Amino acid sequence: MDYVNLGKSGLKVSRIGLGCMTFGSPDWAPWVLDADASAPILAEAVERGINLFDTADMYSKGASEDVLRDKLLPLLPRHKIVLATKLYNPMSDDPNDRGLSRKHVYDAVDGSLRRLGTDHIDLLQLHRFDYDTPLEETLDALNDVVRAGKVRYLGASSMFAWQFMKALGLQRANGWAQFVSMQPHYNLIYREEEREMLPLCRSEGIGVLPWSPLARGVLAGKRKSTRADSDKVANALYDSARAQDEAIAEAVREVADARGVSMARIAYAWVATRPGITAPLVGISRPELFDDAIAALDITLDDDEVARLEAPYRPKPVAGHQ
């Protein structure tokens, strides 16, 4: 496994990260694995050299963080693990148990620390943009948790480029701790981030950790599964019956067949080699699925292959900011 800096920070992360939405409680979603079923996957990730583990407080209502505490942290010394989590989404029916207010930032950080069983979060990310809270309030609170030693680095996830740049500008103007990473929705089926967000990140030295690199399995040729049938987010983002998405998936299949490898390997390779990408976040439900994700890092797509993969794409409405 190779390790690279996360943006212009000094933090070293593996070239792929493990997305941990799959781990937690099946009561939250039928495709989620419980702690015992998650353990072999986390152990395999460690064995393969992955050091970046990305979760969120809302995944399984906190149970994903519990699983990392119980099944990941005992495997390695704490300094060898880059724990990333997120805040924003509702954690209960209480009106203050959500969003990016100062109150919720403080409460969410303490809650994640308690569930993770650690004294610091390596990368705290805003899960979404909060239109109901002044941005200055959020950024000031984030600076506080960094200065208090509870958080080492700050990141953000899907939002508009102007929102992210405004936040960076306020952080710089006030001497607050700055964002070092962005986690955008990005894959061969959804490439709208290429317009503004990805050029912004390259310009400002921001690390990029794309989520859903396989478009929830569509780019791996998986159209029927427990998750595909029950994941409302995936169903809202991707419609594999659309001619355009089918054409993109078929292009992936053709390139994969020509190379004699899986579709997943080609889809991962495309994301991982786009300009400015630090580490795709992969969702793994069985240990053997790491083979494609890690082998993809050694694939160099030629210009003709890239052109073939990208040719069917047409502009789409913004998706994934909700």
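**Reading a predicted model: cysteines, a central strand and a surface patch**

User: How many disulfides does a search of the whole structure find?

Analyst: The search of this predicted model finds zero disulfides. Two cysteines may still be examined for their surroundings. Cysteine 20 is buried, at a relative accessible area of 0%, and cysteine 201 is buried as well, at 1%.

User: Which way do the residues of strand β5 point?

Analyst: In a regular strand the side chains alternate between the two faces of the sheet. In this structure, Val82, Ala84 and Lys86 point one way from β5, while Leu83, Thr85 and Leu87 point the other way. Strand β5 spans residues 82–87, and six of its six residues are buried.

User: Which strands pair with β5, and in what sense?

Analyst: Strand β4 (residues 52–54) runs parallel to β5 and is joined to it by three bridges; leucine 52 has valine 82 in β5 as its bridge partner. Between these strands the chain passes through helix α2 (residues 63–72), in a right-handed β-α-β crossover. Strand β6 (residues 121–126) also pairs with β5 in the parallel sense, over four bridges. Here lysine 86 has glutamine 125 in β6 as its bridge partner. With helix α3 (residues 102–116), β5 and β6 make a right-handed β-α-β unit.

User: Is tryptophan 162 buried or exposed?

Analyst: Exposed means over 50% relative accessible area; tryptophan 162 has 53% relative accessibility, and therefore counts as exposed. Tryptophan 162 lies in helix α5 (residues 161–174).

User: Which residues form a nonpolar patch on the surface with Trp162?

Analyst: Tyr131, Phe160 and Val318 form the patch together with Trp162, and the four have about 460 Å² of accessible area together.

Terms used
Residues are numbered from 1 along each chain as its sequence is written. This is a predicted model: local features need pLDDT of at least 70, side-chain atom pairs count only at pLDDT 80 or more; totals for chains, interfaces and linings use all residues. Side-chain values use heavy atoms; hydrogens and water are left out. A disulfide is a pair of cysteine sulfur atoms within 2.5 Å. Buried means under 20% relative accessible area, exposed over 50%, partly exposed in between (1.4 Å probe, protein chains only). Patches are made of residues with over 30% relative accessible area and no salt bridge: like charges are joined within 9 Å, nonpolar side chains (Val, Leu, Ile, Met, Phe, Trp, Tyr) within 5 Å. Accessible areas come from the Shrake-Rupley method with a 1.4 Å probe; for residues, only the protein chains shown count as cover. A salt bridge is a side-chain nitrogen of Lys or Arg within 4 Å of a carboxyl oxygen of Asp or Glu. Helices (H or I, at least four residues) and strands (E, at least two) are DSSP runs, numbered from the N terminus. Two strands pair if DSSP finds at least two bridges between them. A crossover is right-handed if, with the strands pointing away from the viewer, the path from the first strand over the helix to the second runs clockwise.
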